[in-house]
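Reader: Hi, could you walk me through this protein step by step? I'm in my first year, so please go slowly.

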Amino acid sequence: MSQQPSIQPAVSVVVPVYNEQDGLASLYARLYPALDALGEPYEVIFVNDGSRDRSAALLAAQQRERPDVTRVILFNGNYGQHMAILAGFEHCRGEIIVTLDADLQNPPEEIGRLVAKMREGYDYVGTIRRQRQDSWFRRNASLWMNRLRETITRVRMTDQGCMLRAYGRHVVDTINRCHEVNTFVPALAYTFSLNPTEIEVGHEERVAGESKYSLFKLVRLNFDLVTGFSLIPLQFMSFLGIALALASGALFLLLMIDRLLFGSQVQGVFTLFAITFCLLGVLLFSIGLLGEYIGRIYEQVRGRPRYVVQAVLDDTAGAGSAQAR
């Protein structure tokens, strides 16, 4: 289905892209027919997150092929998946906004179900991957982190790693008013949503390439999620410090009484060493946790742009010049 650029899109699909040249053709072949089947105006916004392969050129070619429904945002560097989504949110025009990864692990054919669910009156539709095609370690690590995250942040997302989600216009507008340097878009949307829900969606193996999230990046992402939406880790370490201080005082009194009653003994010296190392470990962990919060405060207050847009390929408004956000 083709439409004139002047038609206001009802659905916007934001697709962050990073080094996905081998899978883009398959994405195009499935995404556009799935959106055509909706029977309503739509737009697709690809955000190239500083890809080092031919992704930017392939996206530009696709924009020339389907200029009526395709817009491309080009970053001047790699700023991360969530920054790419935020850039897409700032440029989208639809009443329903859907985010989709470019690797085709989440089938584009599921977009219709998310849109239909939004039409029922929900303003945020999360997703749960059915029969995940990930490794055993990845699935179980994700399950454990989901439970820990929900306990700490009170943000209820069954499957935080699935980026196939739908957002209402007012939720996206509220997100656009935020200027957080470190954030987690689905959790941020959940806090602003009035009527959220979740549905199950299919999950497939990657068409090409490999996951862009290493173990280190996943840990960093969860740190952003936990520190960005809760003070419980700091409060927990404060209570732990109080408990350890009381326990240390009690141990000191016990050792003094033992020395007065039974004299000097050396049998417990290794126990004392173990206790000392344990306390040092807790202390270093506390300092590191405090540093995470302080580091995020530092990044926020220095006021640097979250990302820089090199160009926007959009025939309705012309190619954009470099922009900082």
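Author: We can begin with the overall make-up and then turn to some helices and loops. Please keep in mind that this is a predicted model.

Reader: Okay, how many helices and strands does the protein have?

Author: The protein has 10 helices and nine strands. Of its 325 residues, buried ones make up 44%.

Reader: And what share of the contacts links residues 24 or more positions apart?

Author: If you take the contacts in the protein with a separation of 6 or more, residues 24 or more positions apart account for 79% of them.

Reader: Can we look at a pair of helices now? At what angle do α1 and α2 pack?

Author: Helix α1, which covers residues 24–36, and helix α2, which covers residues 55–65, pack at an angle of about 30°, and their axes are 11 Å apart. The crossing in which α1 passes α2 is right-handed.

Reader: Which residues make that contact?

Author: On the α1 side they are L24, Y28 and Y32, while α2 contributes S55, L58, L59 and Q62. Sorted by character, the residues of this contact are five nonpolar, two polar and no charged.

Reader: Staying with α2, which of its residues are buried?

Author: The buried residues in α2 are S55, L59, A60, Q62 and Q63. These residues cover an arc of only 160° around the axis, so they sit on the same side of α2. The face turned away from that buried side carries R64 and E65, which are exposed.

Reader: What do the buried residues of α2 pack against?

Author: They pack against α1 and against several strands, namely β1, β2 (42–48), β3 (70–75) and β8 (308–313).

Reader: Let me switch to α4. Which residues are buried there?

Author: In α4 the buried residues are I111, L114, V115 and M118. Looking down the axis of α4, you would find them within an arc of 100°, which means that they line one face of the helix. Their packing partners are α1 together with the strands β1 (11–17), β4, β5 (124–130), β6 (165–168) and β7 (196–202).

Reader: What about the loop before α4, is D103 there buried or exposed?

Author: D103, found in the loop between β4 (96–99) and α4 (111–118), has a relative accessible area of 9%. Buried means under 20%, so D103 counts as buried. Its side chain reaches the backbone nitrogen of Q105 at 3.0 Å.

Reader: And L104, what is its phi?

Author: Phi of L104 is near 65°, which is a positive value in a residue other than glycine. Most residues other than glycine have a negative phi. L104 is placed in the loop between β4 and α4, and it counts as buried because its relative accessibility is 1%.

Reader: Where does N19 lie, and what is its phi?

Author: N19 lies in the loop between β1 and α1. Its phi is near 55°, again a positive value in a residue other than glycine.

Reader: One more, please: which residues does E95 touch?

Author: E95 has its place in the loop between α3 (81–91) and β4. Leaving aside residues up to four places away in sequence, E95 touches P9, A10, Y167, G168 and R169. There is also H170, 75 residues from E95 along the chain, and the C-alpha atoms of these two are separated by 8.4 Å.

Conventions. Residues numbered from 1 in each chain as written. Predicted model: local features only at pLDDT ≥ 70, side-chain atom pairs only at ≥ 80, totals over all residues. Heavy atoms only, no water. Axes fitted to C-alpha atoms, helices over the stretch in contact; angles between N-to-C directions. Helix = DSSP H or I, 4+ residues; strand = E, 2+ residues; numbered from the N terminus. Left-handed = near helix turned anticlockwise from the far one by under 90°. Contact = heavy atoms within 4.5 Å. Nonpolar A, V, L, I, M, F, W, Y, C, P; charged D, E, K, R; others polar. Buried < 20%, exposed > 50% of the residue type's maximum accessible area, 1.4 Å probe, protein only. Polar contact = N/O pair within 3.5 Å; in protein donor to acceptor, adjacent residues only side chain to side chain. Arc of directions from axis to C-beta.
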